[in-house]
Amino acid sequence: MTRIQSPRGTFDVLPEDAARRELLEGHAKRVLGAAGYRRIETPAFEATELFARGVGQATDIVQKEMYTFSDAGGRSLTLRPEGTAPVCRAYIEHGMHKLPQPVKLWYLSSFFRAEAPQKGRYRQFWQVGAEAIGSAEPETDAELIVLLSELLEAIGVRARLRLSSLGTPETRTEYREELRAFLRAELTLTGELELNPLRAFDRADPATRAVMERAPRLLDRLAPEDAEHFAEVQRLLDGAGVPYEIDSTLVRGLDYYTRTVFEFTSDELGAQSGVGGGGRYDRLIEQLEGPPTAACGWAAGVERMLLAAGELPTAPPVVDLFVALAEPEAAPQGFQLARKARQAGLQTQLELSRRSLKGQLKHADRLGARYVAIVAGARAASLKEMESGEQQELDPDQVIPSILRGSRLA
Ligand code: HAM
């Protein structure tokens with residue numbers, strides 16, 4: 001029989017990784033909580049239709065990357081590839097439009113995409129995300145961008161911010177026609193560019209690049225109110241001292257965006273340079289049969305943020321007390337002492353492997369325990385302070401008060 005291994009493109013979060021992730025979670029909670037964002041968690045799977053309609057039938061995500069399955073009742077379900085459509089589904093389902101607007105929500109959840117795995121790209125990955133639903137104002141876009149930039153700064157990720165505006169779907173349709181006509185006159189169009197002429201901006205060959213230098217830009221075609229919205233977002237970011245580059249070629253892999261789009265990229269990541277991104281999605285709630293509701297948000301990959309962050313100052317776990325057993329018969333007394341010590345607020349570990357006393361002391365030392373109580377039975381114990389090596393005999397009932405008296409916890 002072959003040994004069973006974790007599926008390709010997935011990974012285990014080991015205890016040593018968990019500490020860095022908890023630190024990141026703490027920063028997300030602090031930065032987003034301070035701005036009034038409240039946590040939401042939606043199910044790991046949803047009706048497939050939600051993503052087909054929400055993310056867009058023509059996107060790579062819906063076309064190629066979803067884990068879709070049928071349940072016993074023949075319903076098509078999909079492991080969530082992203083969090084915005086589910087959060088909008090929850091907003092509609094729970095009548096959140098009746099709450100004071102905007103409703104500001106954040107999440108830290110795992111997502112699933114059947115992509116080719118590589119560094120920074122996995123099939124199950126985690127995102128911190130934030131969504132502000134029910135505000136059309138440019139302050140919301142700018143505030144969200146500032147919050148992501150603060151989160152990245154808090155964990156020491158240096159990233160470039162690219163910014164653009166996609167205007168409305170109607171402007172985009174007209175622009176796509178204009179670009180297609182321009183490209184037809186300049187190049188022989190292949191099927192892909194005929195279908196999606198915007199892809200020509202990603203081409204690396206010098207001839208196409210030269211043509212694209214002269215191509216019309218969507219940013220120059222925005223309707224006046226969309227252009228004004230974009231200008232105001234920039235003014236707010238300037239005022240906040242957040243540097244950005246306008247990148248008129250910025251396209252995101254999801255169809256729901258309108259107006260502002262942005263992406264933070266880091267050079268530490270190689271090919272998968274996108275640390276986090278998002279934008280405005282003023283039509284999505286309506287597309288999902290909710291009331292017309294403007295909204296904006298972002299998501300940032302936890303693994304990519306941690307890859308780009310490098311060292312993070314995580315403290316090793318504290319062990320105040322290790323309860324050692326002088327002989328196996330003392331186990332019930334040791335068990336009780338460990339339990340009471342934890343109730344008294346001490347981080348306490350009990351000997352669970354029947355090691356020799358010498359082995360137990362060595363183990364306690366390796367754990368970095370500050371005290372070791374050696375329990376010899378109902379009436380006898382000794383307490384050793386590991387740093388000084390001092391040891392005193394005492395009644396088992398005196399172990400906890402004695403530590404509390406001598407410790408910073410007292
Ligand atoms: P996204 O750009 O598809 O946007 O994903 C956001 C972030 O998730 C990426 O920048 C990246 O860090 C991380 N990510 C995506 N795919 C993978 C993967 N296969 N492995 C590891 N990390 C990955 C969204 O998902 C939108 N829902 C963002 C949003 C929220 N827009 C508005 N609100």
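Visitor: What is the volume of the largest cavity, and what makes it a cavity?
Guide: The volume is about 30 Å³. It is called a cavity because, on a 1 Å grid over the protein atoms alone, a 1.4 Å probe fits at its points but cannot get out. The volume is the space filled by probe spheres set on those points, which are joined across faces, edges and corners. A search of the whole structure finds one cavity of 30 Å³ or more. This is a predicted model, in which local features need pLDDT of at least 70 and side-chain atom pairs count only at pLDDT 80 or more, while totals for chains, interfaces and linings use all residues. Residues are numbered from 1 along each chain as its sequence is written, and side-chain values use heavy atoms, with hydrogens and water left out.

Visitor: Which residues line the largest cavity, and what makes them lining residues?
Guide: They are Ile40, Glu41, Thr42, Arg80, Gly83, Val87, Tyr107, Ser109 and Phe111. Each counts because it has an atom within 4 Å of a point. Strand E5 (residues 103–112) gives the most, with three residues; strands here are DSSP runs of E, at least two residues, and helices are runs of H or I, at least four, both numbered from the N terminus.

Visitor: How do you know which classes this lining holds?
Guide: It has four nonpolar, three polar and two charged residues. Asp, Glu, Lys and Arg count as charged, Ala, Val, Leu, Ile, Met, Phe, Trp, Tyr, Cys and Pro as nonpolar, and the others, Gly among them, as polar. Glu41 and Arg80 are therefore the two charged residues.

Visitor: What makes a residue part of the shell around the ligand, and which come nearest?
Guide: A residue belongs if one of its heavy atoms lies within 4 Å of the ligand. There are 26 such residues, and Glu82, Glu115, Glu131, Tyr257 and Val275 come nearest. By class, the shell has nine nonpolar, 10 polar and seven charged residues. Strand E10 (274–280) gives the largest share, six residues.

Visitor: Why are the pairs from the ligand to Tyr122, Glu131 and Tyr257 called polar contacts?
Guide: A polar contact is a pair of N or O atoms within 3.5 Å. A backbone N or O atom of Tyr122 is 2.9 Å from a nitrogen atom of the ligand. For an N or O atom in the side chain of Glu131, the distance to a ligand nitrogen is 2.8 Å, and for a polar side-chain atom of Tyr257 it is 2.7 Å. Each pair is therefore a polar contact. The protein covers 95% of the 660 Å² of accessible area that the ligand has on its own (Shrake-Rupley method, 1.4 Å probe).

Visitor: Why is the second largest pocket called a pocket, and what is its volume?
Guide: A pocket is an open set of points with protein on both sides within 12 Å along at least five of seven lines, so this one carries that name. Its volume is about 250 Å³. Ser149, Val157, Ala159, Pro243 and Phe264 are the closest to its centre of the 13 residues that line it. Helix H5 (138–154) and strand E7 (160–165) each supply at least two lining residues, and H5 gives the most, with three. The lining divides into eight nonpolar, two polar and three charged residues.

Visitor: What is notable about the backbone at Pro102 and Arg259?
Guide: The peptide bond from Gln101 to Pro102 is cis, with omega near -5°. Arg259, in strand E9 (residues 258–265), has phi near 55°, a positive value in a residue other than glycine.

Conventions: Polar contact = N/O pair within 3.5 Å; in protein donor to acceptor, adjacent residues only side chain to side chain.
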